Amino acid sequence: MTQITHWINGALDTTKPERSGDIFNPATGAVTKTVAFGNAATVDRAVDAASLAYSTWRHSSLTKRTQVLFAFRELVQQNKEKIAALITDEHGKVLSDAAGEVTRGLEVVEFACGIPHLLKGGFSEEVSTGVDVYSIRQALGPVAIISPFNFPAMVPMWFFPVAIACGNSVIIKPSEKDPSATMLMAELWKQAGLPDGVFNVIHGDKEVVDALLTHKGIKSISFVGSTPIARYVYETGTKAGKRVQALGGAKNHMVVLPDADLELAADAAINAGFGSAGERCMAISAIVAVEPIANALVARIKSRMANIKTGDGTQGSDMGPLVTAVHRDKVASYIEAGAKAGATLVVDGRALEVAGDGFWLGPTLFDNVTPDMSIYKEEIFGPVLSVLRVKSYDEALALVNSHEYGNGTAIFTNDGGAARRYQNEVEVGMVGINVPIPVPMAYYSFGGWKNSLFGDSHAHGAEGVHFFTRGKVVTSRWLDPSHGGINLGFPQND
Ligand code: NAD
């Protein structure tokens with residue numbers, strides 16, 4: 001069986017691992033590969049390689065960096081289907097979804113190709129007589145990225161193109177559940193001409209993450225995952241003196257006002273609730289229906305759910321399996337809890353039958369959910385939609401704003417004034433207006449509020465460049481040649 005191992009200094013690491021993990025194909029339930037788990041010694045080797053590479057990469061010209069980024073962009077584009085196939089194999093999402101996440105990641109590479117422009121500083125001439133002030137931004141050093149299972153290509157690509165473009169070297173720790181996409185991208189960086197040691201991949205679990213969080217050679221941590229781990233990573237990393245951005249979990253609300261186009265809203269609920277089996281940090285999981293439209297909306301969502309084809313992501317299905325059996329069982333336990341708590345179970349995904357041992361759970365819809373229920377309070381991260389009925393816009397807004405998470409939200413309405421008020425008043429980092437999954441383009445920044453993000457920098461865009469560089473301001477005075485020194489032919493003024 002193939003064992004995936006670390007990629008350090010431009011080559012596969014041959015050290016025999018003390019521990020390893022299984023990688024499943026979620027559509028069949030079979031173990032298809034194993035992955036080596038690293039430890040503190042693995043992190044030491046990766047940091048040594050990244051530190052050495054950084055000492056020259058930081059001096060590479062902006063032209064050279066841009067050429068490597070453009071070459072990498074072409075290679076990822078050429079290998080998009082191959083990367084997507086690896087994602088579907090290990091994560092389970094359908095192929096079109098997997099290709100879509102590679103496209104969104106590529107947009108960040110394209111953004112980073114503009115690094116010469118993005119790193120331009122400011123210049124103030126003559127702040128005092130003969131004195132100029134200018135600002136520059138410099139790389140940090142070796143930086144670490146720790147990513148979740150649900151976007152094995154896109155989430156790492158939120159960070160590493162920008163980090164590398166800014167002159168840093170990178171150590172990435174992908175999810176141990178689906179690490180192959182990152183490994184293929186490591187090979188593509190090498191083909192693109194990136195010097196060995198600038199991009200390193202190490203695998204593992206808490207042991208290797210802890211070593212990254214405390215290693216003196218690592219200058220920053222970019223983390224994406226669940227909120228308890230994000231909080232832990234933020235607290236541990238900052239205590240060790242590092243710059244940390246830690247993106248956490250979510251519970252995204254879609255508010256539907258009475259004047260909304262209900263066909264559009266129902267389509268949006270289906271795509272945003274069940275796409276990628278709800279394993280998206282921007283998935284819609286709570287629908288807030290402002291009366292009197294709840295009955296009509298629930299009926300439309302229910303009828304569309306009957307058309308969702310759940311099955312193997314390589315076989316033209318709409319929705320694939322969940323990532324592991326453990327996760328499938330956890331999501332199913334929320335369905336049990338919701339029904340017990342008194343919510344109306346309109347469609348029960350547990351009834352779905354698919355042949356084989358895959359980690360299946362069908363799309364599920366609850367109505368009459370109330371804010372005290374665990375299916376509303378907690379992140380489920382599966383194909384479960386909850387409808388909450390409220391009487392007014394103000395009640396809907398108060399509900400969204402009192403939730404602990406603030407990653408994304410959407411409002412469906414035909415009233416521009418209501419939408420404008422919502423974008424102003426809602427305490428959430430990313431807002432969609434008649435758009436259910438408002439993931440910002442690469443040249444804006446991605447990030448939530450409240451317990452959805454620890455730290456103050458969002459991913460990519462201007463905030464990404466800011467996160468991966470340190471500012472320096474130079475105040476300089478060059479005496480006019482007439483003040484002395486070598487006589488260059490200027491009139492002397494004494
Ligand atoms: P996770 O928190 O279990 O794992 C994330 C990373 O942390 C992985 O690399 C994992 O190996 C590591 N890790 C796990 N347990 C750890 C521990 N005890 N100590 C140190 N490191 C540990 O998350 P996941 O299940 O892989 O991903 C799903 C979660 O990620 C969801 O909560 C989802 O909302 C969130 N997510 C958030 C965003 C966002 O932008 N806010 C984007 C994608 C996913």
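Biologist: How many residues surround the ligand?
Modeller: This is a predicted model. The closest residues are K173, E176, S226, G248 and E379. In full, the number of residues that surround the ligand is 26.

Biologist: By class, what does the shell around the ligand have?
Modeller: Charged residues number four. Polar residues number nine. The nonpolar count is 13.

Biologist: Where does the ligand lie with respect to domain 1 and domain 2?
Modeller: Domain 1 covers 2-248 + 452-474, and domain 2 covers 252-433. Both give residues to the shell, so the ligand lies between them.

Biologist: Which helix and which strand each supply at least two residues of that shell?
Modeller: The helix spans 206-214 and the strand spans 220-224. They are α8 and β11.

Biologist: Which residue puts a polar side-chain atom 2.7 Å from an oxygen atom of the ligand?
Modeller: Take the backbone contacts first. A polar backbone atom of S147 is 2.8 Å from a ligand oxygen. For F149, a backbone N or O atom lies 3.0 Å from a ligand oxygen. The side-chain contact at 2.7 Å belongs to E176.

Biologist: What share of the ligand's accessible area does the protein cover?
Modeller: On its own, the ligand has 840 Å² of accessible area. The space it takes is the largest pocket. The protein covers 88% of that area.

Biologist: Which residue is joined to E291 by a cis peptide bond?
Modeller: Most peptide bonds are trans. Here omega is about 20°. The partner is in the loop between β14 (284-290) and α11 (294-305). It is P292.

Biologist: What is the phi of F381?
Modeller: F381 lies in the loop between α13 (374-377) and β17 (384-390). Most residues other than glycine have a negative phi. F381 has a positive value, near 60°.

Methods:
Residues are numbered from 1 along each chain as its sequence is written. This is a predicted model: local features need pLDDT of at least 70, side-chain atom pairs count only at pLDDT 80 or more; totals for chains, interfaces and linings use all residues. Side-chain values use heavy atoms; hydrogens and water are left out. A residue is near a molecule or strand if one of its heavy atoms lies within 4 Å of it. A polar contact is a pair of N or O atoms within 3.5 Å; within protein, one must be able to donate a hydrogen and the other to accept it, and residues adjacent in sequence count only if both atoms are side-chain atoms. Accessible areas come from the Shrake-Rupley method with a 1.4 Å probe; for residues, only the protein chains shown count as cover. On a 1 Å grid over the protein atoms alone, a cavity is a set of points where a 1.4 Å probe fits but cannot get out, and a pocket is an open set with protein on both sides within 12 Å along at least five of seven lines; lining residues have an atom within 4 Å of a point. A molecule sits in a cavity or pocket if more than half of its atoms lie within 2 Å of its grid points. Helices (H or I, at least four residues) and strands (E, at least two) are DSSP runs, numbered from the N terminus. Ala, Val, Leu, Ile, Met, Phe, Trp, Tyr, Cys and Pro count as nonpolar, Asp, Glu, Lys and Arg as charged, and the others, Gly among them, as polar. Domain bounds come from an automatic or database domain assignment.
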